[in-house]
Amino acid sequence: ANIFKYIVKPWGNQLKIILEEAQKYYLENKKNQYKDSLTSLKSEHTILDSLYVEIKRSTRYDTNLSTVLLSIANPKSDSELHAFLVDRFLLKRIADILALELRESDFAGRLKDNKFLVLLTETDQEGSGIFINRFMKRIDQFEKKVNKGLLPYKIDKALYTLKHDQSLEPEELIQLLYENLGKD
């Protein structure tokens with residue numbers, strides 16, 4: 001029923017305090033619906049909405065839009081502990097590294113199944129390659145200095161640059177990325 005708090009009469013001065021708490025709770029939840037709770041990147045719905053907007057914007061203003069799909073694969077699918085650690089530790093760290101590489105105009109969000117979608121606005125294919133190289137270099141540093149092979153994982157990637165004269169729906173673009181995942 002989404003009840004915040006049950007109060008009993010006489011409530012006296014409590015009512016104002018409870019209403020302020022309820023408003024604060026509501027605003028915090030509203031703010032968090034746009035972020036993925038684990039990675040602090042955009043939520044799945046928010047990044048897909050951003051993709052739709054950026055496709056329309058790139059068509060309207062004749063700019064390129066590069067998209068990157070990253071998949072974090074868990075090679076030890078038989079281990080529940082390993083899966084938990086990948087989900088909790090590695091995804092958060094990889095998301096943090098990803099966020100460091102983004103420009104202010106770029107977007108990244110977490111999709112289901114340990115995948116990240118990155119939108120690189122006004123970026124051509126060469127620029128998206130530069131982004132991926134910088135990101136993978138930071139991942140290598142993380143692997144050498146922090147993870148040291150303790151939690152094995154594999155990152156597959158797919159890139160697609162939507163040129164300003166192309167017309168694709170977001171679903172078609174996502175499908176292209178999934179089809180090309182891991183085909184470096």
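## A loop residue with positive phi

Glu 122 lies in the loop that runs between β3 and α4. In this predicted model, phi of Glu 122 is near 50°, a positive value in a residue other than glycine, and at 52% relative accessibility Glu 122 counts as exposed.

Ser 40 is another residue with a positive phi, of about 65°, although it is not a glycine. Ser 40 is placed in the loop between α1 (14–32) and α2 (44–60), where it is partly exposed, with a relative accessible area of 41%. A positive phi, of about 60°, is also found at Asp 113, which sits in the turn of the hairpin formed by β2 and β3, with three residues between these strands.

## The sheet and its order

Four strands make up an open sheet in the order β2-β3-β1-β4, with antiparallel pairing. The strands β2 (107–111) and β4 (154–162) stand at the edges and have a single partner strand each, so one side of each is left without a neighbour in the sheet. From one strand to the next, the twist averages 15°.

The pairing can be followed across the sheet, beginning with β2 and β3, which pair in the antiparallel sense over five bridges; here the bridge partner of Phe 107 is Leu 119 in β3. Between β1 and β3, seven bridges are formed, again in the antiparallel sense, while nine bridges join β1 (residues 65–73) to β4, and these strands likewise run antiparallel. Val 68 has a partner in each of two strands: its bridge partner in β3 is Val 118, and in β4 Val 68 stands opposite Leu 159.

## Burial of β3 and the covering helices

How many of the residues of β3 are buried? Seven of the seven are, so β3 is largely enclosed by the rest of the structure. Both faces of the strand are covered, with Lys 115, Leu 117, Leu 119 and Thr 121 buried on one side and Phe 116, Val 118 and Leu 120 buried on the other.

Two helices lie across strands of this sheet. Helix α4 (residues 125–147) lies across β1, β3 (115–121) and β4, and runs at about 165° to β4. Helix α5 (residues 170–179) lies across β1, β2, β3 and β4, with its direction at about 140° to β4.

## Aromatic pairs

The structure holds two aromatic pairs. In the pair of Phe 89 and Phe 142, the ring centres are 6.2 Å apart and the planes stand at 40°, so the pair is tilted. Because Phe 89 lies in helix α3 (residues 80–101) and Phe 142 in helix α4, this pair ties together parts that are 53 residues apart in sequence. The partners differ in their exposure: Phe 89 is partly exposed, with a relative accessible area of 32%, whereas Phe 142 is buried, with a relative accessible area of 4%.

The rings of Phe 131 and Phe 135 have their centres 6.5 Å apart and their planes at 10°, so this pair is stacked. Phe 131 and Phe 135 are four residues apart in helix α4, and are therefore separated by about one helical turn. Phe 131 is buried, with a relative accessible area of 3%, and Phe 135 is buried as well, with a relative accessible area of 0%.

Key:
Residues numbered from 1 in each chain as written. Predicted model: local features only at pLDDT ≥ 70, side-chain atom pairs only at ≥ 80, totals over all residues. Heavy atoms only, no water. Pairing = 2+ DSSP bridges. Axes fitted to C-alpha atoms, helices over the stretch in contact; angles between N-to-C directions. Contact = heavy atoms within 4.5 Å. Buried < 20%, exposed > 50% of the residue type's maximum accessible area, 1.4 Å probe, protein only. Phe/Tyr/Trp six-rings, centres within 6.5 Å; stacked < 30°, edge-to-face > 60°.
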